[in-house]
Amino acid sequence: MSPRSERFFNVYILVSASRRALYVGVTNNLIRRMMEHKSGEHDGFSHRYNTHHLVYFETFRYIGNAIAREKEIKGWRRERKNELVESKTLDGKILAPTGKLNV
(Lines give C-alpha, C1' and ligand atoms only; values in the text may rest on other atoms or scores of the structure.)
Protein backbone atom coordinates (compact mmCIF):
# COMPACT_ATOMS: atom_id res chain seq x y z
CA MET A 1 0.00 0.00 0.00
CA SER A 2 1.50 3.33 -1.03
CA PRO A 3 1.58 6.28 1.40
CA ARG A 4 -1.07 8.07 -0.68
CA SER A 5 -3.55 5.23 -0.33
CA GLU A 6 -3.12 4.84 3.43
CA ARG A 7 -6.31 5.53 5.33
CA PHE A 8 -6.57 7.14 8.69
CA PHE A 9 -9.54 7.38 11.02
CA ASN A 10 -10.58 10.18 13.32
CA VAL A 11 -12.50 10.18 16.57
CA TYR A 12 -13.95 13.63 17.02
CA ILE A 13 -16.03 15.69 19.42
CA LEU A 14 -18.52 18.35 18.36
CA VAL A 15 -20.42 20.79 20.55
CA SER A 16 -23.42 23.03 20.00
CA ALA A 17 -23.03 26.81 19.97
CA SER A 18 -24.27 26.93 23.56
CA ARG A 19 -21.86 24.08 24.43
CA ARG A 20 -24.70 22.24 26.17
CA ALA A 21 -24.86 19.34 23.70
CA LEU A 22 -21.82 17.20 22.89
CA TYR A 23 -21.41 14.61 20.10
CA VAL A 24 -18.68 11.96 19.75
CA GLY A 25 -18.16 10.28 16.38
CA VAL A 26 -15.70 8.41 14.17
CA THR A 27 -14.94 8.93 10.47
CA ASN A 28 -12.36 8.21 7.77
CA ASN A 29 -12.67 11.74 6.31
CA LEU A 30 -13.00 14.48 8.90
CA ILE A 31 -13.44 17.36 6.45
CA ARG A 32 -16.23 15.59 4.55
CA ARG A 33 -17.92 14.55 7.78
CA MET A 34 -17.80 18.09 9.15
CA MET A 35 -19.48 19.36 5.97
CA GLU A 36 -22.19 16.70 6.43
CA HIS A 37 -22.77 17.79 10.02
CA LYS A 38 -22.93 21.48 9.10
CA SER A 39 -25.29 20.91 6.16
CA GLY A 40 -27.67 18.81 8.27
CA GLU A 41 -27.41 16.08 5.65
CA HIS A 42 -28.15 13.31 8.15
CA ASP A 43 -30.95 13.26 10.68
CA GLY A 44 -29.96 12.28 14.18
CA PHE A 45 -28.47 13.64 17.36
CA SER A 46 -26.01 16.03 15.70
CA HIS A 47 -28.71 17.51 13.46
CA ARG A 48 -31.30 17.72 16.23
CA TYR A 49 -28.98 19.44 18.72
CA ASN A 50 -26.92 21.49 16.20
CA THR A 51 -23.58 20.08 17.30
CA HIS A 52 -21.54 21.59 14.47
CA HIS A 53 -18.45 22.93 16.23
CA LEU A 54 -15.35 20.73 16.22
CA VAL A 55 -13.49 20.99 19.54
CA TYR A 56 -11.40 17.81 19.57
CA PHE A 57 -10.11 15.01 17.38
CA GLU A 58 -7.62 12.13 17.45
CA THR A 59 -6.21 10.24 14.48
CA PHE A 60 -5.78 6.46 14.30
CA ARG A 61 -4.22 4.14 11.75
CA TYR A 62 -6.68 1.30 12.32
CA ILE A 63 -10.47 1.53 12.35
CA GLY A 64 -10.77 -0.94 15.22
CA ASN A 65 -8.66 1.31 17.44
CA ALA A 66 -10.70 4.36 16.46
CA ILE A 67 -14.00 2.62 17.20
CA ALA A 68 -12.70 1.38 20.55
CA ARG A 69 -11.63 4.91 21.48
CA GLU A 70 -14.99 6.35 20.38
CA LYS A 71 -16.81 3.84 22.59
CA GLU A 72 -14.46 4.57 25.48
CA ILE A 73 -15.10 8.33 25.27
CA LYS A 74 -18.85 7.83 24.84
CA GLY A 75 -18.84 5.85 28.08
CA TRP A 76 -17.32 8.72 30.06
CA ARG A 77 -19.23 11.23 32.17
CA ARG A 78 -19.55 14.71 30.72
CA GLU A 79 -16.94 16.17 33.09
CA ARG A 80 -14.26 13.79 31.82
CA LYS A 81 -15.11 14.58 28.18
CA ASN A 82 -14.81 18.28 28.99
CA GLU A 83 -11.40 17.67 30.58
CA LEU A 84 -10.24 15.83 27.45
CA VAL A 85 -11.33 18.71 25.20
CA GLU A 86 -9.71 21.31 27.43
CA SER A 87 -6.44 19.36 27.70
CA LYS A 88 -5.95 19.07 23.94
CA THR A 89 -7.22 22.40 22.60
CA LEU A 90 -6.31 25.98 23.33
CA ASP A 91 -8.84 26.90 26.01
CA GLY A 92 -11.46 24.65 24.38
CA LYS A 93 -11.58 26.84 21.25
CA ILE A 94 -13.46 25.68 18.17
CA LEU A 95 -11.25 23.90 15.61
CA ALA A 96 -11.41 23.79 11.84
CA PRO A 97 -11.28 20.24 10.39
CA THR A 98 -7.64 20.91 9.51
CA GLY A 99 -6.81 21.09 13.20
CA LYS A 100 -6.23 24.82 13.09
CA LEU A 101 -8.17 27.14 15.32
CA ASN A 102 -11.34 28.45 13.70
CA VAL A 103 -11.50 32.05 14.96
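**View 1. Glu36, a buried residue in a predicted model.** Glu36 has a relative accessibility of 14%, so it counts as buried (buried means under 20% relative accessible area, exposed over 50%, and partly exposed in between, using a 1.4 Å probe and protein chains only). The model here is predicted, so local features need pLDDT of at least 70 and side-chain atom pairs count only at pLDDT 80 or more, while totals for chains, interfaces and linings use all residues. Residues are numbered from 1 along each chain as its sequence is written, and side-chain values use heavy atoms, with hydrogens and water left out.

**View 2. Glu36 and Arg32 in helix 1.** These two side chains meet in a salt bridge, 3.1 Å from N to O (that is, a side-chain nitrogen of Lys or Arg within 4 Å of a carboxyl oxygen of Asp or Glu). Why can such a pair form? Side chains of opposite charge can pair when their charged atoms come close. Glu36 and Arg32 sit four residues apart in helix 1 (residues 30-39), so about one helical turn separates them. Helices here are DSSP runs of H or I with at least four residues, strands are runs of E with at least two, and both are numbered from the N terminus. Arg32 is partly exposed, at 34% relative accessible area.

**View 3. Arg33 and Glu36, also in helix 1.** Arg33 makes a salt bridge with Glu36 too, and the closest N and O atoms are 3.1 Å apart. The two residues are three apart, about one turn of the helix. Arg33 is buried, at 16% relative accessibility.

**View 4. Arg69 and Glu72 in helix 3.** Here the salt bridge has its closest N and O atoms 2.8 Å apart. Helix 3 covers residues 63-74, and the partners are three residues apart in it, about one helical turn. Arg69 is buried at 17% relative accessibility, whereas Glu72 is partly exposed at 37%. Back in the earlier views, salt bridges with shared partners join Arg32, Arg33 and Glu36 into one network. A search of the whole structure finds six salt bridges.

**View 5. The buried face of helix 3.** The buried residues of this helix are Ala66, Arg69, Glu70 and Ile73. Seen down the helix axis, they fall within an arc of 105 degrees, so they line one face (the arc is that of the directions from the helix axis to the C-beta atoms). They pack against strand 1 (9-15), strand 2 (22-27), strand 3 (53-60) and helix 4 (78-88), where contact means heavy atoms within 4.5 Å.
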